[in-house]
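User: I am new to this structure and would like to understand the terms used to describe it. Please explain each term by setting the values against its definition.

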Amino acid sequence: MLWSLLPLAAVASAQTGGLNGRGSTMLRFGCEQVVIDRIDPLVNPGAVPSPHLHQVVGGNAFNASMPEADIAELATCTTCSFAEDFSNYWTANMYFKARNGSFKRVPQVANRLLFNDRFTTKTRGGFVVYYVSPGKGQVTAFRPGFRMLVGDANRRTAPAKSLKSQTCFRCFTGPNFQGDNAAPCADARLDTEALPTGPCLGGIRSNILYPTCWDGKNLDSPDHHSHVAYPTAGPQTFTGSSVGNGCPTTHPVKIPQIMLEITWDTTAFNNKAEWPEDGIQPFYLSTGDRTGYGQHGDYVFGWKGDSLQRAMDGGCTGASCRDLKTISNEEAVKCSVPELVKEKWEGWLNALPGLEM
Ligand SMILES: *[C@@H]1O[C@H](CO)[C@@H](O)[C@H](O)[C@H]1NC(C)=O
Ligand SMILES: *[C@@H]1O[C@H](CO)[C@@H](O)[C@H](O)[C@H]1NC(C)=O
């Protein structure tokens, strides 16, 4: 049931509820949704509405624009199970397009049980966040105000060099995450950079992996990409214990590897007779992207004080870590951000929010 690449020592130690003797850290924790709204403080700061809809998890300081401030000090609650993580993570939503041209949002469902982490199995529509460090002192946690973007919302064709280890979709072969036995984005058969072309009997999962090298100076850059980079060999495959070697000399500082994992319950939409008549797969990202190549993720750092550095140095696995406080799902769902753009995004829609098609 586990990714073959996950170090067995880490799994064994996590299952006894304890610290990982090898010293590497892999936090894996659930976050409930904090809001679904058509705002994007990174790419379209201040725009209400922004061009496309997002779904957001994390702290309640999320807003149409977010200053390079310490949002851990501005937020008063979070939807993530680690109480000190007030960061925001956001991605596109997924929609199904029916044969008659109407759209319906694909629900997100809770992730599987791993490492005795019940929170993650009970979330109502959020997603799972991972942070990886190869060992104590080997990564530098982000500074307050840090933010970055991975992927390109406008991409609609396969990039010249595959970026499958950066963003991918997994097509589960049956209920309960069937077929999930390779590391995220590493399965040659079930993982694709584009949206899957056939019905996925157990749903579709998105994995989005952020860069692991930083220029050491800038909290952001005009394109929200250039202050960070992948190792010179390309995006590091997710192993749960490595952030990859060989950062470029321009971006020498190793940062934790963040990965987002979103499970879309597409099972209500598997009847091909209801798919658009062109026979092409029926799912759209809320950007209007039907290819999947435009999958992207945004991040604004917001861990309180030095809590992330402590966690990265703590040799922790899963959703418990010495000295880090956790909250319950009941507490997490109480945290929300008011919607700024009042529009319908649920139920059958004539068009994707903000996009006339
Ligand atoms: C969002 O920003 C507006 C304008 O600056 C402010 O009035 C509002 O309180 C902010 N909301 C949150 C949740 O921080
Ligand atoms: C379009 O089709 C879906 C089912 O495929 C149906 O539930 C919905 O009501 C239809 N919408 C319109 C406007 O006919």
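User: How do you know that strand β4 and strand β17 pair?

Analyst: In this predicted model, β4 (residues 88–92) and β17 (residues 297–300) are joined in the antiparallel sense by four bridges. Pairing requires at least two bridges, so the two strands count as paired. One of the bridges links Thr 91 to Gly 297 in β17.

User: What makes β2 and β8 edge strands?

Analyst: The open sheet has five strands in the order β2-β3-β4-β17-β8, and their pairing is antiparallel. Strands β2 (33–37) and β8 (147–150) each pair on one side only, and they are therefore the edge strands. On average, neighbouring strands of this sheet are turned by 15° against each other, direction ignored.

User: How do you know which part of the model has low pLDDT?

Analyst: The mean pLDDT of the protein is 93, and 94% of the residues reach 70 or more. Over residues 7–21, however, the pLDDT is below 50 on a scale from 0 to 100. This stretch still has 32 contacts in the model beyond near neighbours in sequence.

User: What makes the shell around ligand 1 one with no charged residues?

Analyst: The shell consists of Asn 60, Ala 61, Asn 63 and Val 337. Ala and Val count as nonpolar and Asn as polar, so the shell has two nonpolar, two polar and no charged residues.

User: Which residues surround ligand 2, and why is one of the shell called charged?

Analyst: Around ligand 2 are Ala 98, Asn 100, Ser 102, Glu 274 and Trp 348. Glu belongs to the charged class, and therefore Glu 274 is the one charged residue, beside two nonpolar and two polar ones.

Technical notes:
Residues numbered from 1 in each chain as written. Chains lettered and ligands numbered in written order. Predicted model: local features only at pLDDT ≥ 70, side-chain atom pairs only at ≥ 80, totals over all residues. Near = placed C-beta within 6 Å. pLDDT = per-residue confidence, 0-100. Contact = placed C-beta atoms within 7 Å. Axes fitted to C-alpha atoms, helices over the stretch in contact; angles between N-to-C directions.
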